[in-house]
Amino acid sequence: MEIRSMKIEDYDEIFSIWQITSKRALSEADSRENIERYLLRNKGMSLVALESGRIIGTVLAGHDGRRGFIHHMAVLPEYRRKHIGNALATEAIKKIAEDGIDKTHIFCYRDNLTGQGFWTSLGFKKRGDLFVYSK
Ligand SMILES: CC(C)(COP(=O)(O)OP(=O)(O)OC[C@H]1O[C@@H](n2cnc3c(N)ncnc32)[C@H](O)[C@@H]1OP(=O)(O)O)[C@@H](O)C(=O)NCCC(=O)NCCS
């Protein structure tokens with residue numbers, strides 16, 4: 001397994017992974033143009049995991065200048081529970097931290113117990129004091 005930075009040329013492959021792993025989290029924010037802009041604004045922080053040249057995992061990582069954010073943390077079902085997600089998330093958080101950001105937030109659906117178990121295993125604490133408001 002190899003981890004490298006995500007490139008916009010990966011878009012079709014990563015988008016087809018997200019259709020399997022993250023369908024309800026997808027929106028117009030995930031168009032090719034928007035992902036290209038995201039990668040340009042957060043250079044080198046988003047990552048893919050590869051096995052025999054095939055992308056099997058993704059993480060979108062970046063920050064707004066004061067806090068880090070991670071989206072589309074995903075590993076294809078047949079490669080799960082091999083600590084590939086852990087390796088991707090750990091490396092993404094490291095890259096965010098290298099830019100001087102000491103805290104990273106993630107969003108997780110309330111009924112996504114897999115995601116909750118995963119982020120808890122990485123030391124993330126569930127906040128009970130916040131709602132997410134979107135407009
Ligand atoms: C979440 C996801 C990325 C985890 O990827 P993964 O490569 O299987 O995760 P890892 O093997 O690195 O797991 C690390 C630890 O997370 C926890 N974990 C992982 N999957 C879990 C599950 N289904 N239930 C409970 N805990 C889980 C475990 O503590 C695990 O360590 P262990 O296997 O030694 O017990 C993967 O399940 C996935 O793509 N899910 C669909 C998309 C998604 O929900 N993403 C998260 C959005 S918030």
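Colleague: Which helix gives the most residues to the shell around the ligand?

Modeller: This is a predicted model. Strand 4, helix 3 and helix 4 each give two or more residues to the shell around the ligand. The most, 5 residues, come from helix 4.

Colleague: Which residues come nearest to the ligand?

Modeller: The shell around the ligand holds 20 residues. By class, 7 are nonpolar, 10 polar and 3 charged. Those that come nearest are Arg-80, Gly-85, Asn-86, Gly-115 and Gly-117.

Colleague: How many helices and strands are there in the protein chain?

Modeller: Read along the sequence, the pattern is β-α-α-β-β-β-α-β-α. Each α in that pattern stands for a helix and each β for a strand. The protein chain has 4 helices and 5 strands.

Colleague: Why is the protein chain said to be as compact as a globular protein of that length?

Modeller: The C-alpha atoms fill a box of roughly 40 × 30 × 30 Å along the principal axes. For 135 residues, the globule rule gives 14 Å. The chain counts as compact because its radius of gyration is close to that value, at 14 Å.

Colleague: What share of the contacts with a separation of 6 or more is between residues 24 or more positions apart?

Modeller: Take the contacts in the protein chain with a separation of 6 or more. Some of them join residues 24 or more positions apart. Their share is 60%.

Colleague: Which element gives the largest share of the largest nonpolar core?

Modeller: In soluble globular proteins, nonpolar side chains tend to be buried together. Here the largest nonpolar core has 22 residues, and those touching the most other members include Leu-47, Val-59 and Leu-88. Helix 1, helix 2, strand 2, strand 3, strand 4 and helix 3 each give two or more residues to this core. The largest share, 5 residues, comes from helix 3.

Colleague: Which residues does Ala-89 contact, leaving aside its neighbours within four places in sequence?

Modeller: Ala-89 is one of the core residues that touch the most other members. Ile-70 and Val-59 are also in that group. Beyond its sequence neighbours, Ala-89 is in contact with Val-59, Ile-70, Met-73 and Leu-122.

Colleague: Is strand 4 largely enclosed or exposed?

Modeller: A residue counts as buried if 20 or more other C-beta atoms lie within 10 Å of its own. In strand 4, 6 of the 8 residues are buried. Therefore strand 4 is largely enclosed.

Colleague: How many residues of strand 3 are buried?

Modeller: Across the protein chain, buried residues make up 24% of the 135 residues. Strand 3 is largely enclosed by the rest of the structure. Its buried residues number 8 of the 10.

Colleague: In which sense do strand 3 and strand 4 pair, parallel or antiparallel?

Modeller: Gly-62 stands opposite Phe-69 in strand 4. Ala-61 has Ile-70 as its bridge partner there. The two strands form a hairpin with 4 residues between them. Over 6 bridges, strand 3 and strand 4 are antiparallel.

Colleague: Which residue in the turn between strand 2 and strand 3 has a positive phi?

Modeller: Strand 2 and strand 3 pair in the antiparallel sense over 5 bridges. Leu-50 stands opposite Ile-55 in strand 3. The hairpin has 2 residues between the strands, and phi is about 50° at Ser-52.

Colleague: How many bridges join strand 4 to strand 5?

Modeller: Strand 4 and strand 5 run parallel. Gly-68 stands opposite Thr-104 in strand 5. The number of bridges joining strand 4 to strand 5 is 3.

Colleague: Where is Arg-81, and is it buried or exposed?

Modeller: Most residues other than glycine have a negative phi. Arg-81 has a positive phi, near 60°. Its place is in the loop between strand 4 and helix 3. With 8 C-beta neighbours inside 10 Å, Arg-81 is exposed.

Colleague: What is the phi of His-83?

Modeller: His-83 also lies in the loop between strand 4 and helix 3. It is exposed, with 12 other C-beta atoms within 10 Å. Though His-83 is not a glycine, its phi is positive, at about 65°.

Colleague: How far apart in space are Asp-64 and Gly-85, C-alpha to C-alpha?

Modeller: Asp-64 lies in the loop between strand 3 and strand 4. Asp-64 is exposed, with 10 other C-beta atoms within 10 Å. In sequence, Asp-64 and Gly-85 are 21 residues apart. In space, C-alpha to C-alpha, they are 23 Å apart.

Technical notes: Residues numbered from 1 in each chain as written. Predicted model: local features only at pLDDT ≥ 70, side-chain atom pairs only at ≥ 80, totals over all residues. Core = buried A, V, L, I, M, F, W, Y, C linked by C-beta atoms within 7 Å. Contact = placed C-beta atoms within 7 Å. Rg over C-alpha atoms; globule rule 2.2 N^0.38 Å. Near = placed C-beta within 6 Å. Nonpolar A, V, L, I, M, F, W, Y, C, P; charged D, E, K, R; others polar. Pairing = 2+ DSSP bridges.
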